[in-house]
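Open the model in your viewer and show cysteine side chains as sticks. The tour goes from one disulfide to the next.

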Amino acid sequence: MSKSLLTYVTLFASLFYLCHVGHALAGFSRRAGFHEHLPPVPKSAVERNDARFFEMPIDHFGGARGTFKNRFWVNDTYYKPGGPVFLFDSGEQGAEPLVPYYLQEYHGLSATMRVAKRYNGLAILWEHRFYGDSLPFSVNENTTAEQWQYLNTEQALEDVVYFANRFSLSETGRTANTSSVFGSLHPTRTPWIWLGGSYPGVRGALLRIRNPETIFAVWASSAPVHAQVDMAAYYKAVERSLTRNCSSDWIAVTRFVDNTLQNGTAGEVADLKYRLLSAREDGVTRERAASASDVSAAGVLMDPLSFYQYYGFAASVLPFCNVLETRNSTGTPFETGLAANLGVDVALAAFLAAIREINYAAIPGDADDPVADQSWMWQYCSEYGFYQRGDPSNPLSIETSFRSIQRFQDECNTAFPQGLPPAPVVGNVNKYGGWNMAPSNVLFTNGEFDPWRTMGLASIESDSPRRTPSVAVPQCNVAPQFPSFFGLTHANMVHVSDLRVLLTADSNHTDFKTVGFYSPISQEPFFSGLALFELALDEWLPCFRV
C-alpha cells in the first residue's frame with residue numbers, strides 16, 4: 001500500500017477536477033455516536049483548572065438510594081454578578097480533554113467562552129453520568145443490567161436540573177457547595193444558557209421543553225432530536241454529497257458485492273471475500289478470508305467514509321473518488337462512472353485498488369474509549385436507535401444490506417444479554433416532540449451534508465415534516481410558527497462545525513481521529529453561528545425576570 005489518506009488530502013485541491021461532476025463538499029463515521037477525540041493538552045500549556053465534583057443522586061425518581069460524584073469544571077474569568085451561566089455539555093464522552101479547548105480557548109476560540117465574555121457570564125463544562133469520572137458504577141463487562149437502568153434520558157436530564165438548583169459560587173475545594181439553594185446563580189435569579197452539539201444539542205432542546213424554568217436558552221448544533229430505530233437515512237445524506245460518477249460506481253459495486261455474497265457459488269464468494277479483505281490489509285490468507293462473515297467482508301466498501309462525519313466529502317472522500325474514477329491516474333474519468341461505461345468488474349477492481357492506494361489502515365491514532373463506547377452503546381440500544389442500516393430497497397444505497405436492523409439489534413443483545421427492551425424505546429425521547437418540537441429560545445444549527453441532519457429539525461427526508469429554518473430572531477419565550485424554526489444551515493458543512501474554531505494548529509489536530517465539535521475545513525460556521533446566537537441573546541436576555 002503506497003499512500004495514506006493524509007497524503008492524498010494535501011493533494012485534493014489540485015485533483016478536484018478529476019471527479020468533475022457533483023458537489024464540492026459534504027459530512028459521521030459508521031458508528032452511532034458523537035465523540036470528540038482529543039488527547040490531553042500538556043499541563044504546562046494552559047492554566048490549571050481542576051475538576052470539581054458534585055454529589056449527585058444515582059436515582060432522582062425514588063427507586064434507589066446512593067449518590068455519585070458528577071464531574072464538572074468552571075471558568076469564572078469573565079463573570080460579574082448578574083451575568084448568566086453558560087453550560088457546555090460534553091455528552092457521551094469523558095470531558096477532561098475538552099477543558100483546554102472549551103473553557104481555556106487553547107489555540108482557538110470557543111462559543112462558550114465568547115458568550116461568557118460578551119455577557120459577563122460564568123462558564124461550566126459538564127460531564128454526563130456514566131462517562132469520564134462521573135460514574136455511578138464502574139463501567140466494564142461486569143456492569144449489571146440493574147446498574148445500566150440508571151443510564152437513561154430522564155435521569156441524565158434531571159442531573160442538570162438538580163445541579164442548577166443547588167450550584168453556588170461559594171464552593172471551595174473539589175466538591176461543590178450545595179448549601180445555598182437560593183443563591184445568586186439559582187435559575188430563578190440567573191439565566192442558565194445551554195450550548196451543545198449532536199447528542200448534547202438534543203439534551204439542550206429537551207431540557208428547554210422539559211424544564212424551561214431551569215434552562216432559559218439553548219444553542220443546539222447538529223442535534224438529531226428525532227430518535228428513530230431505522231436510520232437508513234444516514235447514508236442517503238452521504239450519497240447526496242458524492243460526485244455523480246463516484247456515487248454511480250459506489251452503488252453498482254455495493255449491489256454487486258451484496259448479490260454475489262448472497263447468491264454466488266461457494267467459489268465466487270470465497271474469491272470475493274479474499275479480494276475485499278486484501279484491499280484493506282496485506283497478508284490476508286484465503287482461509288482467513290473464507291471464514292470472514294459477509295458483513296465484515298462487505299464492510300470494506302465503507303472504509304472511505306470512516307472520517308466523513310467531520311471532514312465531509314472533499315477532504316475525506318474525494319481523494320478516494322479521484323483514484324477510483326481515474327483508475328489511479330491511468331485513465332480519464334467518465335461522467336457517468338466506470339460501471340456504466342466499462343462494466344461493474346472494472347468498477348470493482350478500481351474501487352478495491354483505490355482502497356489499497358489510500359491505505360486507511362495506516363491512519364494514525366487510537367481514539368477508542370471503552371467506557372464511552374459501552375455507555376453510548378447502551379444508550380442507543382435502549383432508547384435512541386439510530387441503526388444506520390443498509391437499505392436494499394433504495395436504488396441509491398451505498399451501504400451493504402448486510403447491515404440490517406436485525407443485525408444491529410443482535411449486536412445490542414449480545415453486548416447486553418439482560419436489561420434491554422426488545423427494541424430501543426424511542427418514545428422516551430420523541431415525547432418531547434421529535435421532528436415536530438417547537439421550543440422557544442432555541443437556536444438550531446446544522447450542516448448541509450451532515451448525516452445527522454436527517455434526524456434533526458432541518459431534515460429533508462421524505463418521512464420528515466421538511467421544516468424550514470429561519471434566521472429571523474423570534475421574540476423571547478415565543479416559539480416560531482410551525483413549521484418554521486429558528487435556525488441556520490451551514491452550506492457544504494457537516495457535523496457540529498460551529499461550536500469552536502481552531503486558529504493555531506497543534507499536535508491534537510494532526511490526524512483524522514482527533515476532531516469534533518468544530519470544522520477542520522472551514523472557520524466560517526463558527527463565526528456565523530456565534531453571531532446569530534449573540535443576536536438572539538441580545539433579544540432574549542432582557543426579558544429574563546427574577
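Is cysteine 476 buried or exposed at its relative accessibility? Select it in this predicted model: cysteine 476 has 13% relative accessibility and therefore counts as buried, the cut-off being under 20%.

**Stop 1: cysteine 476 and cysteine 543**

Add cysteine 543 to the selection; a disulfide joins it to cysteine 476, with 1.7 Å from S to S. The two ends sit in distant parts of the chain, 67 residues apart. Cysteine 476 is in the loop between β11 (468-470) and β12 (484-490), while cysteine 543 is in the segment after α19 (524-540). Cysteine 543 has a relative accessibility of 21%, so it counts as partly exposed.

**Stop 2: cysteine 381 and cysteine 412**

Next, select residues 370-384, which form helix α16, and residues 405-415, which form helix α17. Cysteine 381 belongs to α16 and cysteine 412 to α17, with their positions 31 residues apart in the chain. A disulfide connects cysteine 381 and cysteine 412 at an S to S distance of 2.0 Å. Set a torsion about this S-S bond: the value is about -80°, so the disulfide is left-handed. Cysteine 381 and cysteine 412 are both buried.

**Stop 3: helices α9 and α13**

Now select residues 244-263 for helix α9 and residues 308-325 for helix α13. Their axes lie 10 Å apart, and the helices pack at an angle of about 75°. That angle makes α9 roughly perpendicular to α13. To see the contact, show Asn245, Cys246, Asp249 and Trp250 on α9, then Val317, Phe320, Cys321, Leu324 and Glu325 on α13. Sorted by class, this contact consists of six nonpolar residues, two charged and one polar.

**Stop 4: cysteine 246 and cysteine 321**

Stay with the same helix pair and keep two of the contact residues, Cys246 and Cys321. Cysteine 246 and cysteine 321 form a disulfide with 2.1 Å from S to S. Cysteine 246 lies in α9 and cysteine 321 in α13, so the bond ties together parts of the chain that are 75 residues apart in sequence. The S-S torsion here is about -70°, which means that this disulfide is left-handed. Cysteine 246 is buried at 0% relative accessibility, and cysteine 321 is buried with a relative accessible area of 0%.

**Last view: the pairing**

Finally, show the disulfides together: the structure holds three. With the bonded cysteines numbered in sequence order, the pairing reads 1-2, 3-4, 5-6.

Notes
Residues numbered from 1 in each chain as written. Predicted model: local features only at pLDDT ≥ 70, side-chain atom pairs only at ≥ 80, totals over all residues. Heavy atoms only, no water. Axes fitted to C-alpha atoms, helices over the stretch in contact; angles between N-to-C directions. Helix = DSSP H or I, 4+ residues; strand = E, 2+ residues; numbered from the N terminus. Parallel < 35°, antiparallel > 145°, perpendicular 65-115°, else oblique. Contact = heavy atoms within 4.5 Å. Nonpolar A, V, L, I, M, F, W, Y, C, P; charged D, E, K, R; others polar. Disulfide = S-S within 2.5 Å. Buried < 20%, exposed > 50% of the residue type's maximum accessible area, 1.4 Å probe, protein only.
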